[in-house]
Protein chains: 2
Amino acid sequence: MPSTKESIIHLADEFIRSRGYTAFSYADISKPLGIKNAAVHYHYPSKSDLAVALVEWHIDHFERFKEKNESKSPADQIKTFLNFYHSIHLSGKVCLIGAFSTDWNSINEDTQGLLRTFTNLVIDWLSEVLQKGLDTGAFNFANAPRAEALRVLTNIFAAAQLSRITDSQDFILVKESIIRELTK
Amino acid sequence: MPSTKESIIHLADEFIRSRGYTAFSYADISKPLGIKNAAVHYHYPSKSDLAVALVEWHIDHFERFKEKNESKSPADQIKTFLNFYHSIHLSGKVCLIGAFSTDWNSINEDTQGLLRTFTNLVIDWLSEVLQKGLDTGAFNFANAPRAEALRVLTNIFAAAQLSRITDSQDFILVKESIIRELTK
DNA sequence: ATGAATACTTATTTATAAGTAAGGTACTTA
DNA sequence: TAAGTACCTTACTTATAAATAAGTATTCAT
């Protein structure tokens, strides 16, 4: 059973990634938990403390994701990564990077700094996996690894955003074309 | 000299694309114009009326963009489109699609519907230009036109978002790799 | 000259947001 | 057993948001 503190983070994640950082309040969190908003302030005194804790949670989560998948082939690692975004798409949300990138001017410097760390962690991991796939002949691309990583990342996170609007097969079109292009 | 009504739209565009829809208020708009917030309500009774008007403005603007560039070659049309996003990147903002896609659950149905129209307008235009470039031999890609259009669009709008976070050459890396891939 | 439309202001309402001070309860450790 | 400490509630403050009702000034057509 998750602690109140964990439940708060979980709900904050839900709201930030479905409505945006400025669009949710402590009342949105306290109500479903059956507590008062002052209790949320007890665990996270300010909204930016909550934002910081959320990014930290995602950093931890991503580190575990890396470890869990490090023995897989580059192709399978990329597929697992894209499947993670597929589940985001199915939930109707966007990813943390997508959410906070548009909320950039509404978050404080600490959150911005941690988000930069997190984003570079993802880009660096993608670069490494793509490079490895290039070395083993599993992938085929002409870009520098970081450029290719950026293209994959921007494609997939923006696909999750765009497909909220067009409400179509667009996410799947993008996802499949990423795999096709990398392995062609 | 722009009318008050035009200035309001312009400021709303600034705020929505730099901070997000939920993060700005009528006071943010009325103050720099030297008017009262009730005057903003006079022109746009509710915030969603303002959102609808803004999307309509972007639709008009995009139609004019299409007309102005229709005589150009496919390669130049794509470059002009990417340069438009480059100016968004330099201004530190994101595009309308990027902004409203993360604010999706905070905007009303009318705005959602118009935004869907606008987004498909952009995707359809990109598809056509890409197809024409394929026919004339200027471009080279294996995807269906819509899939290729989606990849270009998601790459460039997410690059504008991502480069707010990483604060680096990442936007330019993505932009140049799009052109390189299309014309290789 | 007048009445209507346009473009506002003044003044207010209602609701919600973020945050805090002070207190209560229960469990825990010296 | 007394003092912490963790985890809350009650009750409040301060600020801001969206929206509206009613009034004012200016222009413009008849």
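The accessible surface of chain A comes to about 8000 Å², and carbon and sulfur atoms account for 51% of that. Keep in mind as you look around that this is a predicted model. As for charge, chain A carries 20 positive side chains and 22 negative ones, and the centres of the two sets sit 4 Å apart. Of the 184 residues in the chain, 53% count as buried.

What is chain A built from? Nine helices and zero strands, so the radius of gyration is worth a look next: at 18 Å it is close to the 16 Å that the globule rule gives for 184 residues, which makes the chain as compact as a globular protein of that length. Read along the sequence, the pattern is simply α-α-α-α-α-α-α-α-α. If you lay the C-alpha trace of chain A along its principal axes, it spans about 55 × 35 × 35 Å. Contacts reach a long way along the sequence, too: among those in chain A between residues at least 6 apart, 65% join residues at least 24 apart.

Now for where the two chains meet. On each side the count is 46: that many residues of chain A are in contact with 46 residues of chain B. The area buried between chain A and chain B is about 3900 Å², and carbon and sulfur atoms give 54% of it. Which three residues of chain A supply more of its buried area against chain B than any other three? They are T102(A), R151(A) and I165(A), and together they supply 19% of what chain A buries there.

One residue to click on at this meeting point is N105(A). You'll find it in the loop between α6 (96-102) and α7 (109-135) of chain A. Leaving out residues up to four places away in sequence, N105(A) touches S18(B), R19(B) and R164(B). Is N105(A) buried or partly exposed? With a relative accessible area of 43%, N105(A) is partly exposed. For a sense of distance within its own chain, try S163(A): N105(A) and S163(A) are 58 residues apart in sequence, and their C-alpha atoms are 24 Å apart in space.

A159(B) is another residue that touches across the chains. It belongs to helix α8 of chain B, and its relative accessible area of 3% makes A159(B) buried. Not counting neighbours within four places in sequence, A159(B) is in contact with T154(A), T154(B), F171(B) and V174(B). So which of these can you check by distance along the chain? Take F171(B): A159(B) and F171(B) are 12 residues apart along the chain, with 5.1 Å between their C-alpha atoms.

Stay in chain B and move to F139(B), in the loop between α7 (109-135) and α8 (145-166). Despite the loop address, F139(B) is buried, with a relative accessible area of 5%. Its contacts, setting aside neighbours within four places in sequence, are P74(B), A75(B), I78(B), V129(B), L130(B), G133(B), L134(B), L182(B) and T183(B). I107(B) is a useful second marker here: F139(B) and I107(B) are 32 residues apart along the chain, and their C-alpha atoms are separated by 38 Å.

Next, look at D13(B) in helix α1 of chain B, which covers residues 4-18. Is this aspartate buried or exposed? At 8% relative accessibility D13(B) counts as buried, because the cut-off for that label is under 20%. Beyond its neighbours within four places in sequence, D13(B) is in contact with L54(B) and H58(B).

Finally, go back to chain A for A27(A), which lies in helix α2 (residues 26-33). A27(A) has 34% relative accessibility and counts as partly exposed. From A27(A) to W57(A) you go 30 residues along the sequence, and 22 Å through space from C-alpha to C-alpha.

Definitions and conventions:
Residues numbered from 1 in each chain as written. Chains lettered and ligands numbered in written order. Predicted model: local features only at pLDDT ≥ 70, side-chain atom pairs only at ≥ 80, totals over all residues. Heavy atoms only, no water. Helix = DSSP H or I, 4+ residues; strand = E, 2+ residues; numbered from the N terminus. Rg over C-alpha atoms; globule rule 2.2 N^0.38 Å. Buried < 20%, exposed > 50% of the residue type's maximum accessible area, 1.4 Å probe, protein only. Contact = heavy atoms within 4.5 Å. Areas by Shrake-Rupley, 256 points an atom, 1.4 Å probe, with all protein chains shown as cover. Lys, Arg positive; Asp, Glu negative; His and termini not counted. Charge placed at Lys NZ, Arg CZ, Asp CG, Glu CD. Buried area = accessible area lost by both parts, 1.4 Å probe.
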